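Please open the model in your viewer and keep the sequence panel beside it, since each stop of this tour begins with a selection.

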Amino acid sequence: MNQHTLQVLEFDKIRELVAKKTLSPLGRESASELTPLTDQETVLTALTQVSELKRFFQNGGDFPLRRVKDIRPGLTRCGHQGAVLEPSELLDIEEILSVSQLLLAFNRDHRGECPHLEILIQQIKPLEALRKKIAEKIDSKGQVKDDASKKLQGLRRENGTTRDRILTKLRSLLSSVSGRGETKEGIITLRDGRYVIPLRGDQRNRVPGIIHDRSASGTTLFVEPVSVIEMGNRLRELELEEKREILRILRSLTRLVADNVPVISANLLVLQQLDLIYAKARFSLDLDAAQPKLNDRGILKLKGARHPLLMLLGTADGQVVPLDIELGEGFNTLVVTGPNTGGKTVVLKTLGLLSLMTQAGLHIPVHGDSELPIFQEIYADIGDEQSIEQSLSTFSSHLRQIVTVLEHADQNSLVLLDEIGVGTDPDEGAALAMAVLEVLASRKVRTVASTHFGVLKLFAHDHPEIENASLEFDRKTLRPTYRFLLGVPGSSYALEIAKRLGMLPSVVKKATSLLGEERQETALLIEDLNRRVGFYKRKNAEIQERERILSQLTEDYSQRLERVGEEEKRIREDAHRDAQTVLAGANALVERVIAQIRKAQASKEVIKETHRALDTEVARIKQRLKTIAPRSKPRRGPLKIGDGVWVEGLQTDGEVVARVGSRGRYKVRVGNLTVEVEGADLRPSSTPAKKESKSTVGIDVGEVFADQAVNQIDLRGLLADEAIARLEMFLDRAMLAGLSTLLIIHGKGTGALRKRVGDFLKDFPGVKSHRLGAWNEGGDGVTVVELE
């Protein structure tokens, strides 16, 4: 991207703002070198990395990037023969390695949250052994630790002991000398690495020793007494040995660092990239910016675009009128007209700067559904670039930039031309401007040009690939509103602005008369048209926003309603299953009661009394079942054989097996039994009836005490003993239900089962009589039983 464009569009200020968000000198260096890229995949990756980290921040996450120092000079130096890194330099390297470990841990802990950042962080190579080695030897203050080696530990221990002995001896001497008034200062000091005491000059012979220094006035001497000289010598030897041992330790660590310089340098580069991404994400949060969509069709659509420098630096309240602009779909060239100070130049700069920022991997202050192409080059001729040194007038400077544009611009370029054709004769300037715009339009160059030439408005209106646009002006307040109007030409409002700025009314009146009535009417017509278009655009935007909100609310409520319905269905089904469990328990209770009654050979009155008590309890349970049974849609039309149904009277599922006459009654199979039910008591059910095996003898209590009580049993296909056991249970329940006539279906066959049934009925208590069925009841295949 050419430097002239970056300078004109003030991209350097964006760099400075991003650099302030970095954590380290490395990040600031990357921010200061930030430049737009021209590969779409690379740009998309850069934008997505920023989006991932920004979203992580918005969710309250703590990204483990820390302030680190630039260790590159040390890494370069440690590769030289005999080089030794300082403890502080090693500590800086250890900090880099620690941050690298934290970032790798971040990848493990947040896998899948920031996939593009993960790929970058995965490039870090762990050097935990080197980090631990440095941490073992160097403390947090950048000093070699006492236990960095056993020898160093011993030397420092002896050093401390010797120093304590010297100080003890000197304090004793100082105390005795001070008592005689022979010392001027009561402190022990160091001179040239030797411990000394201060003595008055006239008392120098009172304490034998070596004079190491004297005060500026010459009245105080600093003497090392003879009694501590040997200890001082030993202390000096220990200090020299300590320095040699420290040098050995540092040289060893330096060699370890030198062996890993390529890996450390690669890790450092990743940290530098992450610091830049970190700064971009923070900058995006400050701007309330968004990641625009990218396309390869040359289409530019910015919605709610704002100039970032105006937001952050330009206005007192940061309020900038948003801009909606389109280019590249239907037309490739835009001619912007309107008053001076109306915002035309800001439109050009906003469009250019946001394009540069996007291609530099920065979020931009627009709505998230905005989109941009990747421009291979952006040309901007904005402002007065006249130069006395280069003998360039305003017109010449503009013309030189336009020549460059015409030489290089193509369909992958964005061209921004401010006040095209100014600085010369208006007619010639306008003609030149039209010629330039026509050439650029023919090449399908994306071009935005501002102008005050009225002829260019007509030119744009007549050209199929050029569109008019303008900045709105409030004629009542005589001030611009800065609202961008696409598709409508604007007026310059020169006379109105002159009046607002205090021009003599007589001059304004004369200028108005000279302008001509037709020009004035045209200007008023354009103004009225602008006002109407602006009104309808705002109304259209409001309607679209309402439709969007309504559509979103409709979808949200539909989803909520569906979830509520599913939850209600689940709750009812769970409750119904619980209730069926209760019924099953009641069924077991009935079985136990029957067994007790039979065992005690209770009278018929006792049986009926028991029946009434059980009937009351079951009725209560069935009423509860009705309130919680799964709701079903009302039945439409007659039921068909095979339909699954919910039997209200029995509070269970069943299957239609036949229709009885034309009275709206149906035979329904419930388990192994068949009952006749009114159609009004049936509801469609998606749950098929459970088919019990022939050997199943359980009967739901609901069946026993329902209005449509079961008065028949089918024993066909059962073994004799199994059939008798089932018949016995059937008779017990029928008696409890208060039935009087029963039908036992055993079939004809060999007659063996019929005989066993007859023999069993003879001795069964409570059976009044039994007989074979009549011809219309099933004949010899059926036995009819009368109960007492």
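The stops below go through nonpolar cores, a pair of helices, two loop residues and two groups of strands. Keep in mind throughout that this is a predicted model.

**The nonpolar cores**

Begin by selecting F11, I14, L302, I325, L334, M357 and F484, which are the residues with the most contacts inside the largest nonpolar core, a set of 49 residues. Next colour helix α13, residues 344-359, which gives the most to this core by supplying seven residues. Nonpolar side chains tend to be buried together in soluble globular proteins. Now centre the view on I14: which residues is I14 in contact with, once its neighbours within four places in sequence are left aside? They are F283, P308, L309, L353, M357 and L362. Before leaving the cores, select F56, V68, V84 and L271, which are included in a second, separate core of 48 residues.

**Two packed helices**

Show helix α3, residues 25-32, together with helix α11, residues 261-287, and look along the place where they pack at an angle of about 65°, their axes being 8 Å apart. The crossing of α3 and α11 is right-handed. To display the contact itself, select L26, G27, E29, S30 and A31 on α3, and then L268, Q272, D275 and L276 on α11. Sorted by class, this contact of α3 with α11 comprises four nonpolar, three polar and two charged residues.

**Two loop residues with positive phi**

Follow the chain from α11 towards β5 (293-295) and stop in the loop between them, where D288 is placed. Although D288 is not a glycine, its phi is positive, at about 55°. Is D288 buried or exposed? Its relative accessible area is 56%, and because a value over 50% counts as exposed, D288 belongs to that class. For another such case select E10, in the loop between α1 (3-8) and α2 (11-19); E10 is likewise a residue other than glycine, and its phi is positive, near 60°.

**Strands around β2**

Select strand β2, residues 194-200, where six of the seven residues are buried, so that the strand is largely enclosed by the rest of the structure. Adding strand β1, residues 189-191, brings in an antiparallel partner joined to β2 by three bridges, with L190 having Y195 of β2 as its bridge partner. The hairpin of β1 and β2 has two residues between the strands, and D192 in this hairpin takes a positive phi near 55°. Then add strand β4, residues 220-225, which pairs with β2 in the antiparallel sense over four bridges; here R200 stands opposite T220 of β4.

**The four-stranded sheet**

For the last stop, select the open sheet of four strands, whose order is β20-β21-β23-β22 and whose pairing is mixed. Its edge strands are β20 (712-714) and β22 (767-772), each of which pairs on one side only, and the twist from one strand to the next averages 20°. Zoom in on β22 and strand β23, residues 782-787, which pair in the antiparallel sense over five bridges, and label H770 with its bridge partner in β23, V785. Finally, show helix α23, residues 752-762, which lies across β21 (741-745), β22 and β23 and runs at about 160° to β22.

Technical notes: Residues numbered from 1 in each chain as written. Predicted model: local features only at pLDDT ≥ 70, side-chain atom pairs only at ≥ 80, totals over all residues. Heavy atoms only, no water. Core = buried A, V, L, I, M, F, W, Y, C linked by side-chain atoms within 4.5 Å. Buried < 20%, exposed > 50% of the residue type's maximum accessible area, 1.4 Å probe, protein only. Contact = heavy atoms within 4.5 Å. Axes fitted to C-alpha atoms, helices over the stretch in contact; angles between N-to-C directions. Left-handed = near helix turned anticlockwise from the far one by under 90°. Nonpolar A, V, L, I, M, F, W, Y, C, P; charged D, E, K, R; others polar. Pairing = 2+ DSSP bridges.
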